[in-house]
Amino acid sequence: MDLSLLESPLSDRAATPVPLIARRPADLVGSTPALWIEKPFAPPGRGFYAKLEGANPGGIKDRPGLHMVREARRRGELLPGAPVVESSSGTLGLGLVLAGLTYGHPVTVVTDPGMEPSMVRLLTALGAHVDQVAAPHADGGWQRARRERVAELLDRAPDAYCPDQYHNPDNRAAYRPLAAELVAQIGRIDVLVAAVGTGGHSAGVAAGLRESFPGLRLIGVDATGSTIFGQPARPRLMRGLGSSIHPSNVDYGAFSEVHWVGPAEAVWACRRLARLHYASGGWSVGAVALVAGWAARTYPAGTRIAAIFPDGPHRYLETVYNDAWCREHRLLGQEPPVEPDEIAEPDECEVTAWTRCGQVRDPLGRDVTTAGAR
């Protein structure tokens with residue numbers, strides 16, 4: 001960016017490109033900016049490019065929300081005007097509400113008490129019906145309880161459609177344009193750092209980038225207490241990454257390594273991003289920034305690292321950015337270590353803080369060839 005533009009009067013900026021006017025909200029999805037990040041995560045010249053998906057109207061899951069609904073309509077699985085019902089901790093709910101508005105479908109978002117009250121109010125204001133389950137499932141936690149509630153609602157409304165973000169391949173496919181945007185913005189990309197929840201954006205973006213850069217290394221970022229990569233499922237404060245089930249959209253063979261990050265470490269990173277870069281977000285953003293900074297410090301100079309920031313900070317003002325809430329959960333005053341702990345196998349021990357593992361496999365036992373061996 002030409003910094004002189006920031007110091008010039010508005011009249012001198014008339015020749016700079018101006019974005020097109022959108023005719024509908026869905027036209028605002030995509031073409032999100034990328035921001036160079038160094039301090040405090042890496043020394044000068046050794047930073048990473050953050051893809052700011054919070055610049056979409058609702059966040060990164062606007063992309064799959066629109067794509068899954070559009071493809072279901074094309075195949076005839078979703079009839080005109082039929083309801084859409086899905087489980088979500090928040091961000092996909094926003095994407096589905098946008099899709100419902102775009103294509104004319106009422107939307108029910110099934111969630112749990114962990115969804116922030118502000119997000120419940122926002123979804124309701126945007127026209128969604130929010131259905132909140134009361135108790136976690138004994139084995140599958142809140143996610144399984146939500147999915148069972150979705151099944152109940154589908155039984156009551158035979159024409160309703162569930163996108164099933166955890167297992168729908170359209171979720172992955174929705175992120176191929178994001179990969180193309182990264183190539184256009186950054187050029188060569190050697191390392192991609194992405195949070196893992198449903199597995200959609202890590203799989204889709206990595207697959208798209210490997211068409212141009214087959215040697216790309218993918219670093220997955222999970223939450224402590226998540227079962228995705230073989231750790232035991234535990235109650236989690238962090239929303240938007242991690243899972244208590246095993247989504248089939250997770251492409252285990254695509255990962256070179258995985259990092260688990262704890263909530264205190266993510267809070268520290270979120271707040272430092274906000275203070276130093278005027279760009280931050282929620283749990284996934286903090287966790288990804290921490291790991292991307294480590295990669296920037298650790299990989300050889302000249303390595304080009306891209307990191308996906310899935311959302312912005314606004315839905316987390318009463319959690320991540322609320323001092324009283326963070327003190328209540330003992331999340332303040334805990335600066336992360338310079339290096340993560342390391343384990344040789346993903347189920348070697350239960351991890352409770354930032355930890356990395358260079359072995360990635362499907363906990364359900366399906367055969368996986370780790371990308372790090374390429």
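These exercises walk through a predicted protein model, one region at a time.

Residues are numbered from 1 along each chain as its sequence is written. Local features need pLDDT of at least 70, side-chain atom pairs count only at pLDDT 80 or more, totals for chains, interfaces and linings use all residues, and side-chain values use heavy atoms, without hydrogens and water.

**Exercise 1. The sheet of eight strands**

Task: Find the strand order of the open sheet of eight strands, and explain why one side of β1 and of β10 is left without a neighbour.

Solution:

Step 1. Recall the terms. Helices (H or I, at least four residues) and strands (E, at least two) are DSSP runs, numbered from the N terminus. Two strands pair if DSSP finds at least two bridges between them. Strands of a sheet pair through backbone hydrogen bonds, either parallel or antiparallel.

Step 2. Read the order. It is β1-β2-β9-β6-β7-β8-β11-β10, and the pairing is mixed.

Step 3. Look at the edges. β1 (34-37) and β10 (341-343) each have a single partner strand, so one side of each lacks a neighbour in the sheet.

Step 4. Add the twist. Neighbouring strands of this sheet are turned by 25° against each other on average, direction ignored. Axes here are lines fitted to C-alpha atoms, for helices over the stretch in contact, and angles run from 0 to 180 degrees between N-to-C directions.

Step 5. Check one edge pair. β1 and β2 (residues 48-52) run antiparallel and are joined by four bridges. Leu-35 stands opposite Ala-50 in β2.

**Exercise 2. Strand β7 and its partners**

Task: Describe how β7 is covered and how it pairs with β6 and β8.

Solution:

Step 1. Start with burial. Buried means under 20% relative accessible area, exposed over 50%, partly exposed in between (1.4 Å probe, protein chains only). β7 spans residues 217-223, and six of its seven residues are buried.

Step 2. Turn to β6 (residues 191-195). Five bridges join β6 to β7, and the two run parallel. Ala-195 has Val-221 of β7 as its bridge partner.

Step 3. Follow the chain. From β6 the path goes through helix α8 (residues 200-210) to β7, a right-handed β-α-β crossover. Right-handed means that, with the strands pointing away from the viewer, the path from the first strand over the helix to the second runs clockwise.

Step 4. Turn to β8 (residues 257-261). β7 and β8 are parallel too, over five bridges. Gly-220 is partnered by Val-258 in β8.

**Exercise 3. Two loop residues**

Task: Are Thr-224 and Gly-45 buried or exposed?

Solution:

Step 1. Place Thr-224. It lies in the loop between β7 and β8.

Step 2. Apply the cut-off. Thr-224 has a relative accessible area of 12%, so it is buried.

Step 3. List contacts (heavy atoms within 4.5 Å). Leaving out residues up to four places away in sequence, Thr-224 touches several residues, among them Arg-236, Trp-260 and Val-351.

Step 4. Place Gly-45. It is found in the loop between β1 and β2.

Step 5. Apply the cut-off again. Gly-45 has a relative accessible area of 54%, so it is exposed. Not counting residues up to four places away in sequence, Gly-45 touches Trp-36 and Glu-38.

**Exercise 4. Helix α5 and the sheet of three strands**

Task: Test the span of α5, then find the strands against which its buried residues pack.

Solution:

Step 1. Use the rule. The expected span is 1.5 Å times one less than the number of residues. α5 (residues 141-156) has 16 residues, so it should span 22 Å; its end C-alpha atoms are 23 Å apart, which agrees.

Step 2. Find the inward residues. The buried residues of α5 include Gly-141, Arg-146 and Leu-153.

Step 3. Find the partners. The buried residues of α5 pack against β3 (84-87), β4 (107-111) and β5 (129-132). α5 runs at about 165° to β3.

Step 4. Describe that sheet. Its order is β3-β4-β5, open, with parallel pairing. β3 and β5 are the edge strands. Four bridges join β4 to β5, and Val-109 has Val-130 of β5 as bridge partner.

**Exercise 5. Helix α10**

Task: How many residues of α10 are buried, and which strands does α10 touch?

Solution:

Step 1. Count. 14 of the 16 residues of α10 are buried, so the helix is largely enclosed by the rest of the structure.

Step 2. List the strands. α10 (residues 283-298) touches β2, β6, β7, β8, β9 and β11 (355-357).

Step 3. Give the angle. The direction of α10 makes about 170° with that of β9.
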